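Hi everyone, thanks for coming. I'd like to walk you through a few helices today, so have a look at the picture first.

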Amino acid sequence: MRHQRRVGLKPLESARPIRLLHVTTVPATFVFLRGQLKFMQSQGFEVHVMSAGGHEMDEFAQSEGVVAHAIPMARQITPLRDLRTLFRMVRTFRSLRPDIVHASTPKGGLLGTIAGRIAGVPVVVYHVRGLPYTAAIGFQGRLLRLTERVACSLAHQVLCVSHSVQTQLVEDRLVRDTKTVVLASGSSNGVDAANRFNADNVSTDVRRSIRAQVGLPTGAPVIGFVGRLVGDKGVGDLARAFQSIALSHPDAHLLLVGGWESRDPVPPQIRANLE
């Protein structure tokens, strides 16, 4: 990373392991860290995670062998609840004394960077995995832009999930280019193209079986989407693009894997067309 001179860790008392704390709004985001936490522990780190509680976080913490800290957080803008959450986070940070806080997602990133600075955490990293303000309008759009600016300004280092996200942040003057970095070619945790996502490792029989389960004809070209079915994920753009593709490729199919959400919903007509 850049800025190692400014954000380097001081020698730790009694040579205890470097304590790393990951903060997200909801535990579902921890899927982007799967396998990474075990690796960090193998390198001598003591790893903790913090998010809204629930069985999903408990299962993840158990599978990765890390310590979980449940803090009530909501994706929605809830000023009073957010202040209470911030107070609890600061109190936990001061008790836990992490050496590095790695905060991501809009709410977790904002509160995590604020709490990290208040608690005097030596290294605060903000990981930008998306830019919801670009799809919001009016007051909500201005507020989301402001929270992004605050999180970026408080972090010692801003990690961007892609070069396009990095470019957008810099062009919108929410962060200095010298403060941002894109690891490798992007992605939150890399892509296992050699094993898990290698099509050569999937037999023809399995492919045919899966296509039959979801009603896809053998040999038909498929465009896939995996994620939350909301506006800021570009579902509307995807639907319009597929309509254009279908005109020249009538045998093409669009496969959506995800759930509809009431927060930032897809416009009703687009949802009806997709369904």
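Before I start, one term: a residue counts as buried when its relative accessible area is under 20%, and as exposed when that area is over 50%. Also keep in mind that what you're looking at is a predicted model.

Okay, let's start with helix α4. In α4, the buried residues are D82, T85, L86, M89, V90, T92, F93 and L96. Where do they sit around the helix? They take up an arc of only 170° around the axis, so they are on the same side of α4. Now turn to the face of α4 that points away from that buried side: there you find the exposed residues L80, L83, R84, F87, R91, R94 and S95.

So what covers the buried residues of α4? The list includes the strands β1 (19–23), β2 (46–51), β3 (67–70) and β4 (100–104), along with α5 (106–118).

Here's a little check you can do yourselves. Helix α4 runs over residues 79–96, which is 18 residues, and at 1.5 Å a residue it should span 26 Å. The C-alpha atoms at its two ends are 25 Å apart, which agrees. Right after α4 comes R97, which takes a positive phi of about 55°.

Let me zoom in on one residue, L96, which belongs to helix α4. Is L96 buried or exposed? With a relative accessible area of 11%, L96 is buried, because the cut-off for buried is under 20%. And who does L96 touch? If you ignore its neighbours within four places in sequence, L96 is in contact with R19, L21, H48 and H69. Take H48 from that group: H48 and L96 are 48 residues apart along the chain, and their C-alpha atoms are separated by 9.5 Å.

Next, how do α4 and α5 meet? Their axes come within 9 Å and cross at roughly 50°. That makes α4 oblique to α5. The crossing of these two helices is right-handed. On the α4 side, the contact is made by D82, T85, L86, M89, V90, F93 and R94. On the α5 side, the partners are K107, L111, G112, I114, A115, G116 and I118.

α5 also packs against helix α6, residues 138–154, at an angle of about 35° and with the axes 9 Å apart. Here the crossing is left-handed. G109, L110, T113, I114 and R117 in α5 meet T147, V150, A151 and L154 in α6.

Now for helix α3, residues 55–64. Its buried residues are M57, F60, A61 and E64. If you look down the axis of α3, they fall within an arc of 100°, so they line one face of the helix. On the other side of α3 you have H55, E59 and Q62, which are exposed. Covering the buried residues of α3 are, among others, α2 (36–42), β2 and β3. Just after α3, G65 has a positive phi of about 70°.

Last stop: G35, in the loop between β1 and α2. G35 is partly exposed, with a relative accessible area of 38%. If you want a long-range pair to find on screen, try G35 and F242: they are 207 residues apart along the chain, with 34 Å between their C-alpha atoms.

That's it from me. Any questions?

Key
Residues are numbered from 1 along each chain as its sequence is written. This is a predicted model: local features need pLDDT of at least 70, side-chain atom pairs count only at pLDDT 80 or more; totals for chains, interfaces and linings use all residues. Side-chain values use heavy atoms; hydrogens and water are left out. Helices (H or I, at least four residues) and strands (E, at least two) are DSSP runs, numbered from the N terminus. The expected span of a helix is 1.5 Å times one less than its number of residues. Buried means under 20% relative accessible area, exposed over 50%, partly exposed in between (1.4 Å probe, protein chains only). The arc is that of the directions from the helix axis to the C-beta atoms. Contact means heavy atoms within 4.5 Å. Axes are lines fitted to C-alpha atoms, for helices over the stretch in contact, and angles run from 0 to 180 degrees between N-to-C directions. Angles under 35 degrees count as roughly parallel, over 145 as roughly antiparallel, 65 to 115 as roughly perpendicular and the rest as oblique. A crossing is left-handed if the near helix is turned anticlockwise from the far one by less than a right angle, and right-handed if clockwise.
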